[in-house]
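Please walk me through this structure, starting from the chain as a whole and ending with single residues. I have not seen it before.

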Amino acid sequence: MAYVIAAPCIDHQDQACIDSCPVDCITFEPGLDRKAYIDPDGCIECGACVNECPQGAIYHETELPGPWAVFARIDRAWYRDSDMARDAVDAAAAAAA
Ligand code: SF4
Ligand code: SF4
């Protein structure tokens, strides 16, 4: 189980969450990613990042609103195949537009 960064982060990467994480498990590549990603294997479920996000983008994976459930898979995927995760982010953004 882990926290997950959902759709509201897309194109709003102010990075406030990154500095709040005590185990440095939030990452993205500037210029390549449209959102940040939480490493589900590193997240200790402390919740410290949640209130730091001005977009309200971070949820525990058990509490993700239904339309954003896919972001649990997207965050996990980024740490294995970042291009696949980026394609999924683009698709999610297009579907929400
Ligand atoms: S819940 Fe805690 S460990 Fe997990 S990403 Fe947020 S700050 Fe980092
Ligand atoms: S604080 Fe929120 S909007 Fe900013 S990078 Fe983190 S998850 Fe994205």
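**From the fold to single residues**

Cys17 is a useful place to start: leaving aside residues up to four places away in sequence, Cys17 touches Ile26, Ala36, Cys49, Glu52, Cys53 and Ile58. The model in which these contacts appear is a predicted one. Cys17 returns below, both in the nonpolar core and beside a ligand.

The chain as a whole gives the setting. The secondary structure consists of three helices and four strands, and along the sequence these follow the pattern β-α-β-β-β-α-α. The radius of gyration is 12 Å, close to the 13 Å that the globule rule gives for 97 residues, so the chain is as compact as a globular protein of that length. Along the principal axes, the C-alpha atoms fill a box of roughly 30 × 25 × 25 Å. Of the 97 residues, 30% count as buried. Contacts often reach far along the sequence: among those between residues at least 6 apart, 69% join residues at least 24 apart.

In soluble globular proteins, nonpolar side chains tend to be buried together. Here the largest nonpolar core has 25 residues, and Val4, Ile5, Cys17, Ile38, Cys49 and Ile58 touch the most other members. The elements that give two or more residues to this core are β1 (3-5), β3 (37-38), α2 (70-78) and α3 (82-96). Of these, α2 gives the most, with five residues. Within α2, the residues Phe71, Ala72, Ile74, Asp75, Ala77 and Trp78 are buried. What do the buried residues of α2 pack against? Their partners are β1, β3 and α3.

Two ligands are part of the model, and each has a shell of residues around it. Around ligand 1 there are 14 residues, of which Cys21, Cys43, Cys46, Ala48 and Cys49 come nearest. By class, this shell has eleven nonpolar, two polar and one charged residues. Cys49 is thus named both here and among the core residues that touch the most other members. Around ligand 2 there are also 14 residues, and those that come nearest are Cys9, Ala16, Cys17, Cys53 and Gln55. The shell of ligand 2 divides into eight nonpolar, four polar and two charged residues. Two of the residues that come nearest to ligand 2, Cys17 and Cys53, also touch each other.

The loops hold some residues to look at one by one. Most residues other than glycine have a negative phi. Asp11, in the loop between β1 and α1 (16-20), has instead a positive phi, near 65 degrees. Is Asp11 buried or exposed? Asp11 counts as exposed, because it has 10 C-beta neighbours inside 10 Å, and a residue is exposed with 12 or fewer. Gln15 is also in the loop between β1 and α1, and its phi is positive too, near 75 degrees. With 13 C-beta neighbours inside 10 Å, Gln15 counts as partly exposed.

Further along, Pro65 is in the loop between β4 (58-60) and α2. Pro65 is exposed, since 10 other C-beta atoms lie within 10 Å. Asp75, ten residues away along the chain, has its C-alpha atom 15 Å from that of Pro65. Whereas Pro65 is exposed, Asp75 is among the buried residues of α2.

Technical notes. Residues are numbered from 1 along each chain as its sequence is written. Chains are lettered from A and ligands numbered from 1 in the order in which they are written. This is a predicted model: local features need pLDDT of at least 70, side-chain atom pairs count only at pLDDT 80 or more; totals for chains, interfaces and linings use all residues. A residue is near a molecule or strand if its C-beta atom, placed from the backbone, lies within 6 Å of it. Ala, Val, Leu, Ile, Met, Phe, Trp, Tyr, Cys and Pro count as nonpolar, Asp, Glu, Lys and Arg as charged, and the others, Gly among them, as polar. A nonpolar core is a set of buried Ala, Val, Leu, Ile, Met, Phe, Trp, Tyr and Cys residues joined through C-beta atoms within 7 Å. A residue is buried if 20 or more other C-beta atoms lie within 10 Å of its own, exposed if 12 or fewer, and partly exposed in between; C-beta atoms are placed from the backbone. Two residues are in contact if their C-beta atoms, placed from the backbone, lie within 7 Å. The radius of gyration is taken over C-alpha atoms; the globule rule is 2.2 Å times the number of residues to the power 0.38.
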